[in-house]
Each structure stands twice: as structure tokens, then as C-alpha cells.
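Work through the exercises below with the sequence and the coordinates at hand. Each task is followed by a solution in steps.

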Amino acid sequence: MNLRNSMIAASVALLAACGGAEKRQPDAVSVSIEPLRYFVDRIGGGDFKVNVVVPAGTNPEIYEPTPETLKAVARSAAYLAVGHIEFELAMLKAIERNSPGVRFVTLSDGIAPVESSHYHEDHGHNHTAVDPHVWVAPREVKAMAGNILNTLRQIMPDSAAKYEANYRDFAAALDSMDSVATRTLGAMPVKTVLVQHPALTYLARDYGFTQVSIEHEGKEPSVKHIKELVDVARAAGVKKVFCQREFSPAPAQAVAAEIGGEVVFIDLLSYDWESNIFHIINSLNY
């Protein structure tokens, strides 16, 4: 565990000791990122107070939660994690040790993982890990929604019928989105997608395109790597470069300038999940 995650675990432990199980709020849940709050609201119908650990517009890979946020985690009935995001592992260990009454739910359970290579700061080398960006793809989100439904039914069993009805509505909307994505992305004339950060992994797997990352080994690319990317982009006819709002756009802008293309900004950490995913789907077909 790196220093940042050790500090998170220590903070959760301290705040849990101060908060105490007697102050736990049975209608409160904590989630890692804003899209998960949207999913909980769709299924829970407003029955739950949702604490978001990583605010919108913030990179979850470097964010350190505030004491107030961690206190809310310690008082929650459940913590709903994406799974495979590093700080979530620190949160899990701390909750298991100090807040056993908080259910820790990994929403990516049941989803076939995609492995990716990342640069590990602690050891100074690449290692293979599971790509965590499951919340970006409609098919994967449907599985996550099923895990959310199961959790909410356990917390408030008297409202199970309501949550099941809401889940069916949400699942139908996700199926519709999947149909649009299948039709739209199946017709993509350019099957290579250039991204600043490799966050479209599950979309690429589900709908048959190739994702190429500008970010290299978790860091900004070298001049040599940018040149290689430009060659790949020109050969594939790429004219759009996708960049998340949480990352510096400079590398994406440099590549776009070289290929005579444009930078398309995407927001994967917003509460307005549905609009943002449709924006990505529509932007990919050009």
C-alpha cells in the first residue's frame, strides 16, 4: 500500500473510532464517484443520502478524501465501490478493521475484467492490473445496477418492490443505450480511437474498436511516443482525440495539431452519466 492509501486507511480508522456505530445512518450510503450516485438514485428513488468520496472533476487516482467525507463513510450503511481503484482497497481494509457494520460492496463483481498495464509509483515499474473503468459501458453498468439493487434491498427490505421496479426501468434504459451504441459504433469508419487516458476500455471491448492511449506508463508521453502516436493516427485516419476533463489537455492538443484533428472533451466522472455516455458514443462515429 502506498503512502497516500496508508494515510486514507489511518484517517478512516480514526474517524470510525470517533464516529462510532451508534451514529450510523441506516439511509446513508457512500460511493466512490458521482456516476455511482446517479445509479443509486435511479434505483433507490431518492430514499438514500449518497455520500460521494471523489467529487466530480477530480482524478480518483490522485485524490485524497477530506475528513468530513471519511466520517460520512464511517457512518454509512454501505460503501459501494467500483472495484479495482487503488484507494478503494485502502478504504476496504480500514472499514473491515474499524467499521465492520459498514457493508463494502464491489459493484464490478460478476463483470469479466479487462487487464491493462500501469506504471506503479511505489516500485518504479509496470504491472498488470484490472482496468477499473467499468462504469463507462452500458452492458457493464447493467451488471453494476443488479449489485446495487441487491444491496439496497438488504438495507431497506420493506422497499424492495420499489427498488425492483426502478431497476427494471433503468435496465430497460441501459438496453436501449446498448442498442444505440451497437448500431452507432458498429458503423464507425475509423476503428482506432485515440484517448489521453485509457478509460474507454470496456466500450472498446463491447463494440469492437481499438483504444490507443496517449498517456504512456501512467505519465505524459515523450516526444518519441507522440511521434509514434501521430504515425498510428495518420495511418488509421484518426481526426479526433478524446481527453477527460480531469487531465491536462496539452498532449492531446499536441497530437491533434499534428494530425489536423480536434480534441473532444469527455466527462466520465459527472452525475449526468447518461448524457455524457451518449456524447461519447455519438462522437466516436465520424
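**Exercise 1. Find the long-range contacts of isoleucine 43.**

Leave aside the neighbours within four places in sequence; isoleucine 43 is then in contact with Ala145, Ile148, Leu149, Leu152, Tyr163, Asn166, Tyr167 and Phe170. The model is a predicted one.

**Exercise 2. State which residues touch the most other members of the largest nonpolar core, and which helix gives the most to this core.**

Step 1. The largest nonpolar core holds 69 residues, and those touching the most other members are Phe39, Ile43, Tyr79, Trp135, Leu200, Phe209 and Trp273.
Step 2. Helix α6 gives the most to this core, with 8 residues.
Step 3. A second core, separate from this one, has 16 residues, among them Leu194, Val212, Leu229 and Ala252.
Step 4. As background, nonpolar side chains tend to be buried together in soluble globular proteins.

**Exercise 3. Count the aromatic pairs, then classify the pair of tyrosine 38 and phenylalanine 170.**

Step 1. The count comes to 8 aromatic pairs.
Step 2. For tyrosine 38 and phenylalanine 170 the ring centres are 6.1 Å apart and the planes are at 85 degrees. Planes over 60 degrees apart count as edge-to-face, so this pair is edge-to-face.
Step 3. Tyrosine 38 belongs to helix α2 (residues 34–44) and phenylalanine 170 to helix α6 (residues 160–186), so the pair ties together parts 132 residues apart in sequence.
Step 4. Both tyrosine 38 and phenylalanine 170 are buried.

**Exercise 4. Do the same for phenylalanine 39 and tryptophan 273, and decide whether each is buried or exposed.**

Step 1. The pair of phenylalanine 39 and tryptophan 273 is edge-to-face, at 5.3 Å centre to centre with 85 degrees between the planes.
Step 2. Phenylalanine 39 lies in helix α2 and tryptophan 273 in helix α10 (residues 273–284), so this pair ties together parts that are 234 residues apart in sequence.
Step 3. Buried means under 20% relative accessible area. Phenylalanine 39, at 1% relative accessibility, therefore counts as buried; tryptophan 273, with a relative accessible area of 2%, is buried too.
Step 4. One aromatic cluster is formed by Tyr38, Phe39, Phe170, Tyr271 and Trp273.

**Exercise 5. Describe the largest cavity and its lining.**

Step 1. A search of the whole structure finds 1 cavity of 30 Å³ or more, and the space in the largest cavity is about 30 Å³.
Step 2. Its lining consists of Phe170, Ala173, Leu174, Met177, Trp273 and Glu274.
Step 3. Helices α6 and α10 each supply at least two lining residues; the largest share, 4 residues, comes from α6.
Step 4. By class, the lining has 5 nonpolar, no polar and 1 charged residues.

Definitions and conventions
Residues numbered from 1 in each chain as written. Predicted model: local features only at pLDDT ≥ 70, side-chain atom pairs only at ≥ 80, totals over all residues. Heavy atoms only, no water. Phe/Tyr/Trp six-rings, centres within 6.5 Å; stacked < 30°, edge-to-face > 60°. Buried < 20%, exposed > 50% of the residue type's maximum accessible area, 1.4 Å probe, protein only. 1 Å grid on protein atoms, 1.4 Å probe; cavity = no way out; pocket = protein on both sides within 12 Å on 5 of 7 lines; lining within 4 Å. Points joined across faces, edges and corners; volume = space filled by probe spheres on them. Nonpolar A, V, L, I, M, F, W, Y, C, P; charged D, E, K, R; others polar. Core = buried A, V, L, I, M, F, W, Y, C linked by side-chain atoms within 4.5 Å. Contact = heavy atoms within 4.5 Å.
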